[in-house]
Amino acid sequence: MNQLYPAIEPYEEFFLSVSDLHTIRVEQAGNPRGQPVVFIHGGPGGGIEPVYRQFFNPEKWRIILFDQRGCGKSTPFAELRENTTWDLVADMEKIREKLGIAKWAVFGGSWGSTLALAYSEAHPRRCSHLILRGIFLLRKSELDWFYQDGASHIFPDAWEKYLAPIPEAERDNLLAAYHRRLTSDDADTRLEAARAWSIWEGSTSKLYQSPEALERFGASQFAEAFARIECHYFINKGFMDSETQLIDNIDRIRHIQAVIVQGRYDVVCPMNTAWELHRAWPEADFHVIPDAGHSMTEPGIRSKLIDYTDQFSG
Ligand code: STX
């Protein structure tokens, strides 16, 4: 089993103005002369955590991490205007150009895998490798599974708490009911909904739930950006042209060296999605971790991801 690399601090941090409205926080860590990799965090709205740097050998990799629009230390906080998949794809190009990088490896799990596919299909020549985990294609069936009827069968206890802020009369469309509350003018309404939404995801992300992880998801500041931004992207179907767009365009990235890592017991992003991606893209290495849920810190997932960051570092 591979362990995480030691905790490191970034060697550079800067704020990049990407529109009249948005400024995003970018950091670089590891070896300034190393092989570039961009880390795409989840949610959308999850922000960067220090542990994300520890998936890469700091002597080999130049690690670029950024808080996507509206979350982490990017500003304005929890802002939904000018916040779409294609804005984030354009932001990644601005970061890459600003840093003078011709090609970088792209690493993303969960929503990070969605954005990694959207980015690489738009800019395939900029991608040296793809490392994808907990595949999420933001299709209606995936959203229904997690936010309406599906995961509820496995976590009925956590589901009760997710339902609590929503009156029975509105429960036939929970995404819409949550969207109304998360975009309410009333701060208490927003916060109650944000915490319940976020805790639901935190409660279901690991094979063995940890109280520390749950605490983070319930923290008001984290929850408000995470829930608002996720719900905004999901009610807008990820701003995709079609449900099948990311799979239909696999030909654009088929030639790129890639790996898909998936936990067998991932309840947030169930394995059928990773399987469909694997069927459409058999050229990418594919690994199912038999004893893991969704989180990238699940031991088997962590270890397999590090196998690949080591391998791809040459
Ligand atoms: N959202 C899945 C996702 O991208 C449906 C995700 N789940 N948890 C996270 O991201 C964080 C670890 C970033 C909180």
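Which strands does helix 11 (residues 299-312) lie across? In this predicted model, helix 11 lies across strand 3 (35-40), strand 4 (61-66), strand 5 (104-109), strand 6, strand 7 and strand 8, and runs at about 175 degrees to strand 7. With angles over 145 degrees counted as roughly antiparallel, helix 11 is therefore roughly antiparallel to strand 7.

The strands crossed by this helix belong to an open sheet of eight strands, whose order is 1-2-4-3-5-6-7-8 and whose pairing is mixed. Strand 1 (12-17) and strand 8 (285-289) occupy the edges, and each has a single partner strand, so that one side of each is left without a neighbour in the sheet. On average, and with direction ignored, neighbouring strands of the sheet are turned by 20 degrees against each other. At one edge, strand 1 and strand 2 (residues 23-30) run antiparallel and are joined by six bridges; the bridge partner of L16 in strand 2 is I24. Helix 10 (residues 271-280) also packs on the sheet, where it touches strand 6 (127-133), strand 7 (257-263) and strand 8, and its direction makes about 155 degrees with that of strand 7.

Helix 6 (residues 187-204) consists of 18 residues and reaches 26 Å from its first C-alpha to its last, which is close to the 26 Å expected at 1.5 Å a residue. The buried residues of helix 6 include R190, A193, A194, A196, W197, W200 and E201, as well as G202, S203 and T204 towards the end of the listed stretch. Among the elements that cover the buried residues of helix 6 are helix 3 (140-147), helix 4 (156-163), helix 5 (174-182), helix 7 (211-218) and helix 8 (220-235).

Helix 5 packs against helix 6 at an angle of about 135 degrees, the two axes being 8 Å apart, and this angle makes helix 5 oblique to helix 6. On the side of helix 5 the contact is made by L175, Y178, R181 and L182, and on the side of helix 6 by T189, R190, A193, A194, A196 and W197. By class, the contact between helix 5 and helix 6 comprises seven nonpolar, one polar and two charged residues.

Helix 8, which is included in the cover of helix 6, has 16 residues that should span 22 Å at 1.5 Å a residue, and the 22 Å between its end C-alpha atoms agrees with this expectation. Because 13 of the 16 residues of helix 8 are buried, this helix is largely enclosed by the rest of the structure. Just after helix 8, K237 takes a positive phi of about 55 degrees.

Note on methods:
Residues are numbered from 1 along each chain as its sequence is written. This is a predicted model: local features need pLDDT of at least 70, side-chain atom pairs count only at pLDDT 80 or more; totals for chains, interfaces and linings use all residues. Side-chain values use heavy atoms; hydrogens and water are left out. Helices (H or I, at least four residues) and strands (E, at least two) are DSSP runs, numbered from the N terminus. The expected span of a helix is 1.5 Å times one less than its number of residues. Buried means under 20% relative accessible area, exposed over 50%, partly exposed in between (1.4 Å probe, protein chains only). Contact means heavy atoms within 4.5 Å. Axes are lines fitted to C-alpha atoms, for helices over the stretch in contact, and angles run from 0 to 180 degrees between N-to-C directions. Angles under 35 degrees count as roughly parallel, over 145 as roughly antiparallel, 65 to 115 as roughly perpendicular and the rest as oblique. Ala, Val, Leu, Ile, Met, Phe, Trp, Tyr, Cys and Pro count as nonpolar, Asp, Glu, Lys and Arg as charged, and the others, Gly among them, as polar. Two strands pair if DSSP finds at least two bridges between them.
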